[in-house]
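Hi,

Here is the structure I promised to pass on to you. Have a look at it first, and then read on for what turned up.

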Amino acid sequence: MKVLSAIRTACFALSAALAIPHGALAQTFPSKPVTMLIPFAAGGPTDVVGRLVGEHMSRTLGQPVVIENAVGAAGTLAGTRLMGMAPDGHTILIGHTGTHAAAVTLNPNLKYKPLEDFAHIGLVNTNPIFVNVRKSHEANTLQEFVTWLKANEAKANNAHAGVGSVSHTTCLLFNSVVGVKVAGVAYRGTGPAMNDLVGGQVDYLCDQAVNVAPQQRAGTIKTLAVAQEKRSEAMPDVPTSAEGGLPAFKVIVWNAMFAPKGTPPDVVAKLNAALRAALADAGVRGKLQELGAEIPAPELQTSDGLKTFVGAEIDRWSPIIKAAGVTIQ
Ligand code: MLT
């Protein structure tokens, strides 16, 4: 045992001697491809945003940003995985309102604390939420859908990306404003959930602009309302929830970028600079805006700005979730 312990001590001493100081790490970062964990299925809104921004970041960083869809536990598995990764900037994560704000109240088993367990890189985008029904649905307006939902509460089904995902929490809010409790059908992301809405297998889905815009334009679904005060510039013919008679249904969601806690500040600064360069690029901005997403104010694109924002979002979602009376067991 003594021998083993001596070897272990010697190993620690050697690794300490070889440890690269933070400044030096930033000079060499990135020394290999950067993996971006996406907590939901390919083809969904988080994936689309991650790929778009990641592609531009790879040009700034001089290394590929490789996308890995790390799906599970309504998007929180990816955050749990990120905590175990080396804090050297080579693994990052795109999280959102569900994984890094609502989950704190919703999920008593959440393995991380969004404010304490990560390095905050910056806010990526905000994303209005739309109420969508299958094309074959008899309702053509939000008012007609609300009437149908009240009469068909027991047989209606609501697609979402898992308990605690954005599509789940925002439709919970919608259902509570309408005054109904509806069975949910969980998917690995709203990419596959949207496929089933297009296929007519489910009745409705509350989803982010990025996933809705292509289907709404193609006429494969009926998009009844946007849950904000003004109409979306990307889908101007879709009425607001207030125009549809539900002014209390208002919600904006967001995507944000995180690294493991302990990532050296200079490395976080390099990742942040690459993110901001992507968000300043006319091509990336144009594509995000075409998909209905909005670029955050410059102060929210910073590490400190994101941390303050996430704290406020945890506080904002807590009473909403408590009022809806739902938790993950
Ligand atoms: C996704 O990317 O599939 C969605 O963001 C999941 C969700 O609704 O939270």
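In this predicted model, an N or O atom in the side chain of Gln208 lies 2.9 Å from an oxygen atom of the ligand. Gln208 has company: a polar side-chain atom of His96 comes to 2.6 Å from a ligand oxygen, and Val166 places a backbone N or O atom 2.7 Å from an oxygen of the ligand. How much of the ligand's accessible area does the protein cover? On its own the ligand has 270 Å² of accessible area, and the protein covers 100% of that. The space that the ligand takes is the largest cavity, which may be handy to know when you set up your own grids.

As for what surrounds the ligand, the shell includes Gln208, His96 and Val166, together with Phe40, Pro45, Thr46, Ala161, Ser165, Ser167, Gly189 and Thr190. Sorted by class, the shell holds 7 polar and 4 nonpolar residues, and no charged ones. Two helices are worth picking out on your screen: α3 (45–61) and α7 (166–178), each of which supplies at least two residues of that shell.

Now for the overall fold. The protein has 12 helices and 9 strands. Its C-alpha trace spans about 75 × 50 × 35 Å along the principal axes. What radius of gyration does the protein have, and what would a compact globule with 329 residues have? The protein comes out at 21 Å, which agrees with the value near 20 Å for such a globule.

Finally, a few backbone details that you may want to check before any preparation step:

- The peptide bond from Phe29 to Pro30 is cis, and its omega is near -5 degrees. Pro30 belongs to the loop between α2 (22–28) and β1 (34–38).
- Ala73 is not a glycine, yet its phi is positive, at about 50 degrees. You will find Ala73 in the loop that runs between β2 (65–69) and α4 (76–83).
- Ala74 also has a positive phi, near 50 degrees, in a residue other than glycine. Ala74 is found in the loop between β2 and α4.

If you open just one view, I would pick the ligand with Gln208, His96 and Val166 shown around it.

Happy browsing, and best wishes

Technical notes: Residues numbered from 1 in each chain as written. Predicted model: local features only at pLDDT ≥ 70, side-chain atom pairs only at ≥ 80, totals over all residues. Heavy atoms only, no water. Near = heavy atom within 4 Å. Polar contact = N/O pair within 3.5 Å; in protein donor to acceptor, adjacent residues only side chain to side chain. Areas by Shrake-Rupley, 256 points an atom, 1.4 Å probe, with all protein chains shown as cover. 1 Å grid on protein atoms, 1.4 Å probe; cavity = no way out; pocket = protein on both sides within 12 Å on 5 of 7 lines; lining within 4 Å. Sits in = over half its atoms within 2 Å of the grid points. Helix = DSSP H or I, 4+ residues; strand = E, 2+ residues; numbered from the N terminus. Nonpolar A, V, L, I, M, F, W, Y, C, P; charged D, E, K, R; others polar. Rg over C-alpha atoms; globule rule 2.2 N^0.38 Å.
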